[in-house]
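Colleague: I should like to learn how strand pairing and chain contacts are read from a model. May we work through an example together?

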Amino acid sequence: MTTYNLTPTVHAVFNELDSHGLLLGLPRLVGETNAAYKQRLMDVMVHRAGSSYQGLIYGITRELGLSITDAVTIEPVLDGDGIPLVTFPAVVFQDTKCFLYENYITETVLLEIDRFEQLDGSFNLQGLVDTINATGMYTAVLHGNPLMRSLCIWNQSSVGLITSENISNTGIRIRLAHTNLVPGTISIESPNLLIRKSSSNNLQSQEYFIDETSGTIISAQVPADGSIVRYKYRIDSFTAQASPIIIHNLQSADFKKKMFELVTDSDGNEQLGLPTELGADVINELLSIYPTNWGQ
Amino acid sequence: MKKYPSTQEMAEIFPSWAKIRNDDQSTGYSILNALGYHIDKMDKTLAKQGQNTFLSTVNLDEIDILHKVQLPVDFEFSVDNTDPIFAVQLPPTVSGYIDSDAYLVQPDRTNNIEEFWYNAIPNRLSLQTTVTGVDHNLLTFVANDSPLEVELEHHLGGGYFWIECTGGSQYLLVENGELFRARIILRGITRAGLEDSETLVFPWEMKQRSNKEWKVITKIEIFDMEPSVQVNIRSGNFNEEPYLDQYNARYSNNRRKIDSFWGLGEVEGRPTLDLITYQSDEWETIAAGFPDKQVLQSWELLDENNLPVSGIDLTLQRFSERAWITTGNGKLYYYDLSEDMVSGVNFLNGKTPGSHINLDYNSRYLVVDETFTFTPWHSRPLKEVAKYRIWYQAPSGSLYGIQNGSSVATTVSGLAVDNPKIWVEGRQFARTIADKVSVQLTERGEYFFVLETVFIDGETHEERVIAKTCYKKPLVTLDVSSFCPEVSGIDFDSDQKLWLQSISGNYYQIGLHYDTMLIDYTKKVLYFREGYDNVDVIV
């Protein structure tokens, strides 16, 4: 009697889901089950991949079998009348920072949070939530893994952009799809009627008035065919999403400072030096996925 | 032999009076049923492939990931040389190890993919996930409350919703030549994260599954439905019998496609599995406000030791004819839902072709302790009956005669069939040869009933009928009492994963495991369903 001790290997059998995968350009990962593969395939239609910043995050996240998750929900604290304590609240995640605004219109920042520095207290999601809650002006609720790096939240903000909303033939009192419009970001394109913006709703011919809070446009005439409006609006209950895939622009001055030590050259200008601890960590992580020779 | 729904569909070719169409014990029906196997397989394959065409309906139980080991080049299978002409290679003894736990891996009996994967029976289970603090029962309201702004989150984070409408009288209305259909529109965020909507049409009172997988429903709108109709929204299908058959391929003998359902019931105090249909096979009648259902056939539910299984809920496995039934004490039973042809074909051979007599009955597929009631009937009264006798054979082989052709269900044990006491003499020309006879069927299996009639010209006709007490025994029984001792319901989720709900309201995802292997004797490869850390192959 002979005993052979052997280690099994995964063997995938091509089935109908793989056919769908061929059509959608998304092959099955090694050892991926039908149920998990189906969700990734469905995701192709929702989180469209592309060469844009967002498209890269969506595409790479999916192709690696990782997932996009809701990280935190951030809301401004309101007074007794339901008015935010800050003048015009907004939350912006940009590069290595998270900005909490006191007044987004005047670009007055309440707090700038560094998400890269391990010792700054906002390196992980739990720390980020605690930091935001400590302001007293905003509240944050954690959804994801509290130990997830907060830099997994990609560039996004609580200010939404509508590039083209049709207002043709919608009457003289036009309710837009969103409220709390950001003043100074609203532009109207109308073939013949809406030409001048009025500061009050006492309108003359071809004038219009905008009530930003209620998202209403009052016009002297009904907008003609082809009338559109472009604007930004505030999302007061903002849920930031995160992905384990973090994309940063190496040309970003802010990001470079996090990755490399700054050295002052003979002219007094700051130049990039050796990788920082974090930079070395990220570089090693990259090399572990795709080994190569540094510098080649 | 299994009885296939497609057999009835084929039998519909024949006229409505033909025995082949109305009697599943007729010779013609048996012949068609032999073809039925292949047509049924084709029907189901086409149905499955049709659903596999779309991502939203694809079968997630399709064979996907196997684990294999390549045996060494010098490995030789043991050989059985019992047949000197054809030597048979024998499967090796294999043990698989997961976290140092050893599992004996059985070779698949037929060594083909269909049995290894699609028809496999799990031999053990494990607890995968426990979900607490959520509820799949989400909302109940009346149609008049529509539209509703809601926040109905799927209790598992995403999947199908179930919508049930009850209490209405008519859901389809034609007014001034225009058709109004009761509709429910769901809006919300799909499981994939997309804002979307879905319209469900309710032709009559029914329960429907959403076609899309939803994460959260945010708005419900109802149109053209009676205001008093009660609408129930759930994200699971626990304890909501009856359940629509997975292939739903049955036909009535009026050439009409019918919906069939499965549920749990009780007959003569015995727990049963019930095949259920609408009382009418005409959708027009159902839509007119008559959606009542009836039990078409019942099977007594038994365990391996012939003890009754008192199921509290069942769930049907997608793309299969199998169901999991759970009992309150933490047992899971896996049953095959197939219907069977009668097996006593040799007995039926003794029937007189074109007989002038028959047994008139309502149902002959019963449950133990039910009474088989029939009337001996002179269906073609061309000549007088001189004498007749009625006798039957129980599944145990015992023969019984109906004494004096009595109208009372008096069976006399121990009478030989030839015993003159059971012959009833006397010329008669009535359509009813004897009064109604009732026989309580106390054994499990097939009863052979015979009506023998001698006509005045000496010609003898025999009518033979098999009455059957139906039962089902499980393919496998698994125990979940270690982590869920008090089960209250069972369901498959949209990922085709099995879930249990406990009385305390917790949800448990069950992992089913198959310690089985497929062997490629030529290439010396073993394929497993389970991902073992390593295996010992002993030869």
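Modeller: Let us begin with one pair of strands in this predicted model. Strand 5 (residues 93-98) of chain B and strand 42 of chain B run antiparallel and are joined by 5 bridges.

Colleague: Which residue stands opposite B:Asp536 in strand 42 of chain B?

Modeller: The general idea is that strands of a sheet pair through backbone hydrogen bonds, either parallel or antiparallel. Here B:Ser95 stands opposite B:Asp536. Strand 42 of chain B is also joined to strand 1 (residues 3-6) of chain A, by 4 bridges and in the antiparallel sense. In that pairing, A:Asn5 is the residue opposite B:Asp536.

Colleague: How many bridges join strand 2 (residues 9-12) of chain A to strand 2 of chain B?

Modeller: There are 4 bridges, and the two strands run antiparallel. Within this pairing, A:Ala12 stands opposite B:Ile65.

Colleague: How should the contact between the two chains be described as a whole?

Modeller: One starts with the residues and the area. In this model, 41 residues of chain B are in contact with 33 residues of chain A. The area buried between the chains is about 3,000 Å², and carbon and sulfur atoms give 60% of that area. On the side of chain B, the residues that lose the most area to chain A are B:Leu55, B:Asp64 and B:Ile65, together 22% of what that side buries.

Colleague: How many residue pairs are in polar contact between chain B and chain A, and which elements give two or more residues to the side of chain B that touches chain A?

Modeller: The count is 15 residue pairs in polar contact, with both residues at pLDDT 80 or more. The elements of chain B that give two or more residues to this side are helix 3 (27-52), strand 2 (65-70) and strand 42 (534-538). Strand 2 of chain B gives the most, with 6 residues. By class, the side of chain B that touches chain A has 20 nonpolar, 9 polar and 12 charged residues.

Colleague: How many salt bridges are there between chain B and chain A?

Modeller: The count is 2 salt bridges. In one salt bridge, the side chains of A:Asp70 and B:Lys215 meet at 4.0 Å, N to O.

Colleague: How is the strand order of a sheet read, and which strands are at the edge?

Modeller: An open sheet in chain A has 4 strands in the order 10-14-13-12, with mixed pairing. Its edge strands are strand 10 (173-175) and strand 12 (196-197), each of which pairs on one side only. Strand 13 (residues 207-211) and strand 14 (residues 216-219) of chain A are antiparallel over 4 bridges. There, A:Tyr208 has A:Ser219 of strand 14 as its bridge partner.

Colleague: Let us turn to a loop. Why does A:Ile245 count as buried?

Modeller: A:Ile245 counts as buried because its relative accessibility is 12%, under the 20% cut-off. This residue lies in the loop between strand 16 (238-242) and helix 5 (253-259) of chain A. Beyond its neighbours within four places in sequence, A:Ile245 is in contact with A:Ile57, A:Ile60, A:Thr61, A:Leu64 and A:Leu66. A:Ile245 and A:Leu56 are 189 residues apart in sequence, yet 9.0 Å apart in space, C-alpha to C-alpha.

Colleague: Which residues of helix 3 (residues 53-63) of chain A are buried?

Modeller: As a general idea, an α-helix has 3.6 residues a turn, so residues three or four places apart point the same way. In helix 3 of chain A, the buried residues are A:Gly55, A:Ile57, A:Tyr58, A:Gly59, A:Thr61 and A:Arg62. The buried residues of this helix pack against helix 2 (34-46) of chain A. Just after helix 3 of chain A, A:Gly65 takes a positive phi of about 75°.

Technical notes:
Residues are numbered from 1 along each chain as its sequence is written. Chains are lettered from A and ligands numbered from 1 in the order in which they are written. This is a predicted model: local features need pLDDT of at least 70, side-chain atom pairs count only at pLDDT 80 or more; totals for chains, interfaces and linings use all residues. Side-chain values use heavy atoms; hydrogens and water are left out. Contact means heavy atoms within 4.5 Å. Buried area is the accessible area (1.4 Å probe) that two parts lose on being put together, summed over both. A polar contact is a pair of N or O atoms within 3.5 Å; within protein, one must be able to donate a hydrogen and the other to accept it, and residues adjacent in sequence count only if both atoms are side-chain atoms. Ala, Val, Leu, Ile, Met, Phe, Trp, Tyr, Cys and Pro count as nonpolar, Asp, Glu, Lys and Arg as charged, and the others, Gly among them, as polar. Two strands pair if DSSP finds at least two bridges between them. Buried means under 20% relative accessible area, exposed over 50%, partly exposed in between (1.4 Å probe, protein chains only).
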